[in-house]
Amino acid sequence: MSINIIVPFSLVFDQSGMLISDWEKLKQGDPDIIRSKKVIDAYDESAAEYALVIRDSLREAGQEVTLIGITVGTHINKRISQNLFAVGFDRLCVLEYAIDSLTQQDAVADILTGFIRSTGLECLVLTGQMNSESCCGCTPARLSYRLGLPYIGYVSELTVVKDRLWVKCKTRGGYMSRTVPMRGVFAFQDAARSYLRVSTLRERAAVRSKTVEFIPSVCNDAPSVTLERLDIAGQKRCCCFITGADTAERAALLLELFLEEVD
């Protein structure tokens, strides 16, 4: 039986290359990132590395596997695509759609769903838990809902055990592990394999003829998915935003509000 391992990933600015003067501008607003290059998000990088490990294990067992990397946007840096091909990705696809992937998780999930369904094979989806720029982890769960696949988040390890997967993930009560069927959406965070392997010059030379597929995509404006946690009871909280010219003024206002509550 053939299987597709699909790795949705996002491209974010490499903050490690930002100048000190750029960070100082945070006091006035957003830092200047025009000189920063794009890289694969750190959590997605973990997912890509585990996808390679799973692919190798399955192929050693004689199973036919296709490893596909996909991202939503309009372009991808050649340095990134060349390295992904060189380390072992069979296909790389840019789902062309002008979208703010940091804030429109429903739309991103809808676009990814359309492509994944078009592959027509049994699939295993490995991705990052969240985008490190937006710190929002909704896309993997929304994707699993649309695909009708099981979802496991906060994955730290994933290993092939015969025809199943052994998964270890983080919960509020600590880490837990379990053997699960080889299907579903697995979202990685703080994984044991945190970095994608780096290709050699010889490996990059061997895949020079490979090209990225640019696929026009359509967002079907599917209704938003309301996500609920099943492991904790829902709790509503009220908050008050403290305004003030500086820290001292905000602290004084906070103290005043606290004294009113005490009275």
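Here is a short chat about the sheet and the cores of this structure.

Tutor: We're looking at a predicted model, where local features need pLDDT of at least 70, side-chain atom pairs count only at pLDDT 80 or more, and totals for chains, interfaces and linings use all residues. Residues are numbered from 1 along each chain as its sequence is written, and side-chain values use heavy atoms, leaving out hydrogens and water.

Student: Which strands are the edge strands of the open sheet?

Tutor: Strands here are DSSP runs of E, at least two residues, numbered from the N terminus, and two of them pair if DSSP finds at least two bridges between them. The open sheet has 9 strands in the order β9-β8-β7-β10-β6-β1-β4-β5-β11. Two strands pair on one side only: β9 (174-181) and β11 (213-216).

Student: In the hairpin of β7 and β8, which residue takes a positive phi?

Tutor: β7 (residues 151-161) and β8 (residues 164-171) pair in the antiparallel sense over 6 bridges. Val161 stands opposite Arg164 in β8. The hairpin has 2 residues between the strands, and the one with a positive phi near 60° is Lys162.

Student: Which helix gives the largest share of the largest nonpolar core?

Tutor: A nonpolar core is a set of buried Ala, Val, Leu, Ile, Met, Phe, Trp, Tyr and Cys residues joined through side-chain atoms within 4.5 Å; buried means under 20% relative accessible area (1.4 Å probe, protein chains only). The largest one has 39 residues, and Leu124 is among those with the most contacts inside it. With 7 residues, the largest share comes from helix α2 (residues 42-60).

Terms used. Buried < 20%, exposed > 50% of the residue type's maximum accessible area, 1.4 Å probe, protein only. Helix = DSSP H or I, 4+ residues; strand = E, 2+ residues; numbered from the N terminus.
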